[in-house]
Amino acid sequence: MINASTPMGKVPVLALRHISKRYPGVLALDDMTIQFMAGEVHALLGENGAGKSTLIKTVAGALTPDAGEIHIGHTIYRALNPAAARKFGIEVIYQEFNLVPTLSVAENICLGEHKGWRVNRPEMRAKAASLLSDLQANVHPDALVRDLSSSQQQLVEIAKALAKNPKILIMDEPTAPLSVQEVQSLFQVIRRLRDTGTAIVYVTHRMDEIFDLADCVSVLRDGRWIQTLRCSETNRSSLIRLMVGRELNEQYPVRVPPSSELAMELHQVSGNGVKEISFELRSGEILGVSGLVGAGRTELARLILGAGKLESGEIRIRGAIAKLRSPRQAIAKGICLIPENRKEEGCFLEQPIRWNVSIAALRYLRRWLRINRQSEYDLAASYSKKLQIKTPHLEQKVKNLSGGNQQKVVIAKTLAAQSTVLLFDEPTRGIDVGARHEIYKLMVDLASQGMAILMITSDMEELLGMSDRVMVLHTGRMAGMLDRKDCTQERILSLASGTTDQNPIPT
């Protein structure tokens, strides 16, 4: 175990001493004392609300602490501002993208580096291309950021930070939208930076990444530093116990077998980037969908939802052919999507919980042209209780909730619309382990009630732990369908990369 004091003979490159930060009604950082050494990957672990984001913003100069000191080497500061943080070589890759959509990839990567009125564009493109090549990113320097996928934008964010040659690099959930290959490329870059003396502060909810990459890990809870441990001297169970303050005996809830009733069938469906997809989804089943970036996972979900054009084939819901030309028609047929990007596509952050839960169920709440406000409130209260949404009241704006509770609001909205087929796209992205367990239990409960779930996920543990079957996509086509007993990481990745001769298993 490492304590919070300075090791003998070594000065931390960055240290926070007795830092506190209070918001109205919330003590976000409570006497936080923690330090980071040069040439180490130091993971931060904690549930949503543990203080990780506030700590990052304090180091980046975006927040001024109410008390305490920030030590940069031997120099002590009361607070930093963004310019000072950057001067000291502190760079942050935030979980939410911080790019200019209308600029090119190269312009975003080199933004703020040029002095004077002339820009050396060939040099800028060459620098961007070199950084992207290190990350093995299939992104052209001249492409506009707005035209990139989520994973490509994340790689641009990482390249932009690396372009500044940081001494302290803070990474907040950097692998959430990345494929397995992209994650491994990123890890190689991180290890090179560590070996050259850069201090890496690595925030993640993925335990396997901590043990694969980090040298040490600090656990935060309720705004306080709990403990710092060498990764070689701890294990997953110990970290979870420190993080949540209790035992989580089962990561994945016990499942009941799905029924034989078909909830949805796709027959030779093509369109929106996928080709000739056929499968069956049963009531009570969780069908996992795997594939590398660009395989067509989200495109398939949007096609089923009616947000993409169906070019050929047919979709059947409960045995009847469904003409799904818009999300409105899909919702009317009982199909709803819990999207990957919940903050932009899943909920209205500036609106209260009550409003968000009822928005897709207005046809059940409307009498003529008026909404029954009491019925709306009762509906939101019912689902808030069922899903255990942690909030002081239903008029709380969704933006003020934790990631896990925001996800529950999106699910509540979906259930209020009386959906029977649920499309989950990265259901636990950016959600801590405690909230993940709650989402998993909720998904299993929904399946046990007869709902059919199509679960798209890049998390291999989640895929193997939650799925009854796994459908693997490769370049827009189905590469295989695996029963739970046949699923292994090696077999899934082999199908996803197109390096197997195995034919798709009939559904």
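**Buried faces, paired strands and unpaired cysteines**

Mentor: In helix H18, Ile-492, Leu-495 and Ala-496 are buried, and I should add at once that the model is a predicted one.

Trainee: What makes you put these residues on the same side of H18?

Mentor: The argument rests on the arc, since the three residues cover only 100° around the axis, and therefore they lie on the same side of H18. What covers them includes strands S13, S21 and S22 as well as helix H17, residues 460–466. Just after H18, Gly-498 takes a positive phi of about 75°.

Trainee: Which residues of helix H4 are buried?

Mentor: In H4 they are Met-124, Ala-128, Leu-131 and Leu-132, and because they cover an arc of only 100° around the axis, they too are placed on the same side of their helix. The other side of H4 carries Pro-122 and Glu-123, which are called exposed because their relative accessible areas are over 50%. Among the elements that cover the buried residues are helix H3, residues 105–109, and helix H5, residues 150–162.

Trainee: How do you know what span to expect of H4?

Mentor: H4, residues 121–134, has 14 residues, and at 1.5 Å a residue the expected span is 20 Å; the distance from the first C-alpha to the last reaches 20 Å, which is close to that expectation.

Trainee: Why is strand S1 described as largely enclosed?

Mentor: Seven of the 10 residues of S1, residues 14–23, are buried, so the strand is largely enclosed by the rest of the structure. S1 also has partners: seven bridges join it to strand S2, residues 26–36, in an antiparallel arrangement, and five bridges join it to strand S4, residues 67–72, again running antiparallel.

Trainee: What makes S1 and S4 a pair, and which residue of S4 stands opposite Arg-17?

Mentor: The rule asks for at least two bridges, and S1 and S4 have five, so by that cut-off they are called paired. Arg-17 stands opposite Glu-69 in S4, while the bridge partner of Ile-19 in S2 is Met-32.

Trainee: Which strands are the edges of the sheet that has the order S6-S7-S8-S3-S9-S10?

Mentor: This open sheet of six strands, with mixed pairing, has S6, residues 90–93, and S10, residues 224–230, as its edge strands, each of them pairing on one side only. Neighbouring strands are turned by 20° against each other on average, with direction ignored. Within the sheet, S3, residues 41–45, and S9, residues 216–221, pair in the parallel sense over four bridges, and Ala-43 stands opposite Val-217 in S9. Helix H1, residues 52–60, packs on the sheet, where it touches S3, S6, S7, S8 and S9, and its direction makes about 150° with that of S7. Helix H8, residues 236–244, also packs on the sheet, touching S3, S9 and S10, with its direction at about 30° to that of S9.

Trainee: What is the strand order of the open sheet that contains S16?

Mentor: The order is S16-S19-S20-S13-S21-S22, with mixed pairing, and the edge strands are S16, residues 335–338, and S22, residues 477–483, each of which pairs on one side only. The twist averages 20° from one strand to the next. S19 and S20 pair in the parallel sense over five bridges, and Val-421 has Ala-452 as its bridge partner in S20. H18, residues 489–497, packs on this sheet, touching S13, S21 and S22, and its direction makes about 30° with that of S21.

Trainee: How many disulfides are counted?

Mentor: The count comes to zero. Cys-231 is in no disulfide, and the nearest cysteine sulfur, that of Cys-216, is 6.6 Å away; the cut-off is 2.5 Å, so this pair does not qualify.

Trainee: Why can the sulfur of Cys-347 form no bond with that of Cys-336?

Mentor: The sulfur of Cys-336 is the closest cysteine sulfur to that of Cys-347, but the separation is 14 Å, which is too far for a bond.

Trainee: What makes Cys-231 and Cys-347 buried?

Mentor: Cys-231 has a relative accessible area of 7% and Cys-347 has one of 6%, and the term buried applies because the cut-off is under 20%.

Technical notes
Residues are numbered from 1 along each chain as its sequence is written. This is a predicted model: local features need pLDDT of at least 70, side-chain atom pairs count only at pLDDT 80 or more; totals for chains, interfaces and linings use all residues. Side-chain values use heavy atoms; hydrogens and water are left out. Buried means under 20% relative accessible area, exposed over 50%, partly exposed in between (1.4 Å probe, protein chains only). Helices (H or I, at least four residues) and strands (E, at least two) are DSSP runs, numbered from the N terminus. Axes are lines fitted to C-alpha atoms, for helices over the stretch in contact, and angles run from 0 to 180 degrees between N-to-C directions. Contact means heavy atoms within 4.5 Å. The arc is that of the directions from the helix axis to the C-beta atoms. The expected span of a helix is 1.5 Å times one less than its number of residues.
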